[in-house]
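Here is a short tour of one protein chain. Keep the sequence and the 3D view open as you read.

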Amino acid sequence: MDFIWQQIRLAFIVPLLKLSVVLCLVMSLMLFLERVYMGVVIAFVKLFGYKPEKRYKWEPIRDDLELGNTAYPMVLVQIPMYNEKEVYKLSIGAACGLSWPSDRIIIQVLDDSTDPVIKNMVKEECQRWASKGINIKYEIREKRNGYKAGALKEGLKHSYVKACDYVAIFDADFQPEPNYLWRAIPFLVHNPQVALVQARWTFVNADECLMTRMQEMSLDYHFQVEQEVGSSTYAFFGFNGTAGVWRISAINEAGGWKERTTVEDMDLAVRASLKGWKFVYLGDLHVNNELPSTFKAFRYQQHRWSCGPANLFRKMAMEIIRNKRVSAWKKFYVIYSFFLVRKIIGHVVTFIFYCIVLPASVLVPEVEVPKWGAVYIPCIITLLNAVGTPRSLHLLFFWILFENVMSMHRTKATLIGLLEAGRVNEWVVTEKLGDALKTKSGGKTPKKSRIRIGERFNFLELGMAAYLFFCGWYDLAYGKNRFFLYLFVQSVAFFVVGVGYVGTFVPSS
């Protein structure tokens, strides 16, 4: 048996592991070069003050005595929601508080709620604002086809929308400042080639727990670097699905909202970009919103955000390549940088290399992982990622461990999207707590609840914890690379998540 095992090991396991190391090193280099490129671009943008106001015409919309309020474009504000009991008042109130001529704005609440109690609460809130003179429309559908994309599409079909030039979209937990439209709309009015103006997200509950701080670090990098670089170089970036204003004619020209993936926002952005439209990102225009603070909600969100882009890439890769309206460089940027490196390789290499291949290499002494690939490159990538949230620099170590844990779910979702397998079109609305956590716990820090074992424990994470712990123990006993220092700590991170000790819990009573 020992002879047979040695033959199998030498003939299959060693060559396969060596090939895996090479492929992972190549992907790591691709990710490293992408991060360095974005770092150089963002440094240039910040150093030379390359702001949107310098690249595009912007001047405030002024009163016209002859035209009166008709000098202002008609704006539709869409608020899609689904059983948003805790936050519906926040978004409706913020939208109704937007500063804009009252006869030139329509607030449209698209309520797909299935709970009749919540549906009635939302309707009454809309009626309350309507009684104050706000032009607000409460719209419902018979069937929730297409989820959010279907709701937005149906919302644009109403007769009163024909008079509107632009549409601002805010999810149910988003709270724009009153001057939001005054900042964003002029870019669309004075630049007919611009289709979208996207604002930056900021988070009202970033300090709620360690998990929300980790999310803030990742999303701050996305907004302060990735979105800024895309806007500054190719006038393209992925629409974030909310806190943005679209030119309605651009939506129509691009083919409207489509529900073929769970990232209808990115789908529309790519199609509009292929039609030659440009996008503007305003990093200094902030819109408050809420981060998911329960691990279950965050995991579902990350599944959608990872699976959707991979599936969209599968559907649109050839369409992008065959497109003749945009430059070859822009097509290369969209396919290689935007999709391949950031949406696919970024997830896959993190999990496969650092949680599977690197630990396995300690069990096979014939396979060596160079230190530049195992240590130096990930350290530089991590430091580049940290520029988005300087206040959390001291949490960088925990962020690395948490991101490695989440890379397992993101890799799984990415493969589902690429293969168009089982849960490819799964859409679970991210749970928002609003003030529920504060009110249900009496303002005190909530205690962990006693819940079922199947709900409390995450067995995939526990399995990974056991695997990494075993590899760490083996390396400590027989290895020479001292990878056990990393393996033991990472196994603890998987274990902590595996036993459900992450995020917050809202008491049921």
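Is Asn-179 buried, partly exposed or exposed? At 38% relative accessibility, Asn-179 counts as partly exposed. The scale works like this: buried means under 20% relative accessible area, exposed means over 50%, and partly exposed lies in between, with a 1.4 Å probe and protein chains only. Asn-179 sits in the loop between E5 and helix H6 (180–190). Its C-alpha atom is separated by 6.6 Å from that of Leu-98, although the two are 81 residues apart along the chain.

This is a predicted model: local features need pLDDT of at least 70, side-chain atom pairs count only at pLDDT 80 or more, and totals for chains, interfaces and linings use all residues. Residues are numbered from 1 along each chain as its sequence is written, and side-chain values use heavy atoms, with hydrogens and water left out.

## The whole chain

The protein chain has 17 helices and 8 strands. Both are DSSP runs numbered from the N terminus: helices are H or I with at least four residues, strands are E with at least two. The C-alpha trace spans about 90 × 55 × 40 Å along its principal axes. The radius of gyration is 24 Å, which agrees with the value near 23 Å for a compact globule of 509 residues. That radius is taken over C-alpha atoms, and the globule rule is 2.2 Å times the number of residues to the power 0.38.

Buried residues make up 56% of the 509 residues. Now take contacts, meaning heavy atoms within 4.5 Å. Of those with a separation of 6 or more, 82% link residues 24 or more positions apart.

## The sheet

How are the 8 strands ordered in the sheet? The order is E3-E2-E1-E4-E7-E6-E8-E5, the sheet is open and the pairing is mixed. Strands of a sheet pair through backbone hydrogen bonds, either parallel or antiparallel. Here, two strands pair if DSSP finds at least two bridges between them. Strand E3 (136–140) and strand E5 (175–176) stand at the edges, each with a single partner strand, so one side of each has no neighbour in the sheet.

The table lists some of the pairings.

| Strands | Direction | Bridges | Opposite residues |
|---|---|---|---|
| E2 and E3 | parallel | 5 bridges | Val-109 and Tyr-138 |
| E1 and E2 | parallel | 7 bridges | Pro-80 and Leu-110 |
| E1 and E4 | parallel | 4 bridges | Val-75 and Tyr-166 |
| E4 and E7 | antiparallel | 4 bridges | Tyr-166 and Arg-247 |
| E6 and E7 | antiparallel | 3 bridges | Leu-196 and Trp-246 |

Look at E1 (residues 75–81). Why is E1 largely enclosed by the rest of the structure? 7 of its 7 residues are buried, so the rest of the structure largely encloses it. Val-75, Val-77, Ile-79 and Met-81 lie on one side. Leu-76, Gln-78 and Pro-80 lie on the other. From E1 the chain crosses through helix H3 (residues 88–96) to E2, and this β-α-β crossover is right-handed. Right-handed means that, with the strands pointing away from the viewer, the path from the first strand over the helix to the second runs clockwise.

Strand E7 (residues 244–247) is covered as well: Gly-244 and Trp-246 point one way, Val-245 and Arg-247 the other way, and all are buried.

## The cores

A nonpolar core is a set of buried Ala, Val, Leu, Ile, Met, Phe, Trp, Tyr and Cys residues joined through side-chain atoms within 4.5 Å. The largest has 96 residues. Those with the most contacts inside it are Val-77, Ile-92, Tyr-180, Trp-246 and Phe-279. Apart from this core lies another, of 51 residues, among them Ile-377, Ile-381, Leu-401 and Phe-494.

What does Trp-246 touch? Leaving aside neighbours within four places in sequence, its contacts include Tyr-166, Leu-196, Phe-239, Ile-251 and Phe-279.

## A buried glutamine and the cysteines

Gln-227 is found in helix H7 (residues 210–233). At 2% relative accessibility, Gln-227 is buried. Beyond residues up to four places away in sequence, Gln-227 touches His-222, Phe-237, Gly-238, Asn-240 and Tyr-281.

How many disulfides does the structure hold? There are 0, a disulfide being a pair of cysteine sulfur atoms within 2.5 Å. For Cys-164, the nearest cysteine sulfur is that of Cys-96, 15 Å away. Cys-164 is buried at 7% relative accessible area, and Cys-209 is buried at 14%.
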